[in-house]
Structures are given as C-alpha cells and as structure tokens.
Amino acid sequence: MKQTERIMQYEALFDEASEAVKELEKAIANWREAQEKIAALDAYYRREWRSDFEADEAGKLPADLKRGVLSEDGLYDLLEENAELIRKLNEE
C-alpha cells in the first residue's frame with residue numbers, strides 16, 4: 001500500500017471514529033439530563049401509576065388522552081433498561 005493510500009485509509013477511520021465519539025458524548029449528556037425525568041417516572045410508577053392504570057382500564061379517562069405511560073410494560077421496561085445501562089456503565 002502506498003503512503004498516500006495508507007494516510008487516506010486512516011484519515012477515513014479517524015473521521016468515522018471522531019464522529020462516533022462526538023455522537024456518544026451527546027448521547028451520554030442527554031441520558032444524564034434525562035435521569036431527573038427517569039427518577040420522577042420511577043416515583044410515579046411506585047406511588048400513583050397503579051391507580052391511573054386501573055382508572056384507564058375502567059374507562060374513566062378521556063378516550064383521546066395519550067397514555068403510553070400507562071401501558072403495562074412500557075414504563076417498567078424503560079426503568080429496567082435505564083437500570084441496566086447504569087449497571088453496564090459501572091462495570092467499565
């Protein structure tokens with residue numbers, strides 16, 4: 001491989017790696033900022049979610065109300081995925 005080809009190859013790797021690192025830095029910053037929101041969701045899940053879920057099941061909530069947070073697995077899965085990420089980050 002010629003010197004210029006080698007430099008071009010590594011330049012492409014450098015560009016890709018630099019972009020990946022920047023994207024990860026942004027994702028980590030966003031995730032850290034979301035931790036307060038996740039803590040609030042966790043508190044909601046532990047204290048009030050069940051009564052809201054039951055009200056929805058009983059048809060007591062407006063039909064046009066967005067209710068993703070009330071799905072049986074959605075909120076729980078989010079909290080578990082977040083906890084798993086924390087475990088993974090603490091391992092490294």
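Trainee: How many salt bridges does the structure hold?
Mentor: This is a predicted model, so local features need pLDDT of at least 70, side-chain atom pairs count only at pLDDT 80 or more, and totals for chains, interfaces and linings use all residues. Residues are numbered from 1 along each chain as its sequence is written, and side-chain values use heavy atoms, with hydrogens and water left out. Counting a salt bridge as a Lys or Arg side-chain nitrogen within 4 Å of an Asp or Glu carboxyl oxygen, the structure holds three.

Trainee: Which residue forms a salt bridge with Arg-46?
Mentor: Stay in helix α1 (a DSSP run of H or I, at least four residues, numbered from the N terminus) and look four residues away, which is about one helical turn from Arg-46. The closest N and O atoms are 2.9 Å apart, and the partner of Arg-46 is Asp-42.

Trainee: Is Arg-46 buried or exposed?
Mentor: Buried means under 20% relative accessible area, exposed over 50%, and partly exposed in between (1.4 Å probe, protein chains only). Its partner Asp-42 is partly exposed at 24%. Arg-46 has a relative accessible area of 65%, so it counts as exposed.

Trainee: What is the distance between the closest N and O atoms of Asp-56 and Arg-67?
Mentor: Asp-56 sits in helix α2 and Arg-67 in the loop between α2 and α3, so this pair ties together parts eleven residues apart in sequence. Asp-56 is buried at 18% relative accessible area, while Arg-67 is partly exposed at 24%. Their closest N and O atoms form a salt bridge at 2.7 Å.

Trainee: In which helix do Arg-87 and Glu-84 both lie?
Mentor: Their side chains meet in a salt bridge, with 2.9 Å from N to O. Arg-87 is partly exposed at 41% relative accessibility, and Glu-84 is partly exposed too, at 33%. The two are three residues apart, about one turn, and both lie in helix α3.

Trainee: Which elements give two or more residues to the largest nonpolar core?
Mentor: A nonpolar core is a set of buried Ala, Val, Leu, Ile, Met, Phe, Trp, Tyr and Cys residues joined through side-chain atoms within 4.5 Å. The largest one here has seven residues: Ile-38, Tyr-44, Trp-49, Phe-53, Leu-70, Leu-75 and Leu-79. The elements giving two or more residues to this core are α1, α2 (49-57) and α3.

Trainee: Which residues does Ile-38 touch, leaving out those up to four places away in sequence?
Mentor: Ile-38 is a member of that largest core, and so is Leu-79. With contact taken as heavy atoms within 4.5 Å, Ile-38 touches Leu-79 and Asn-82.
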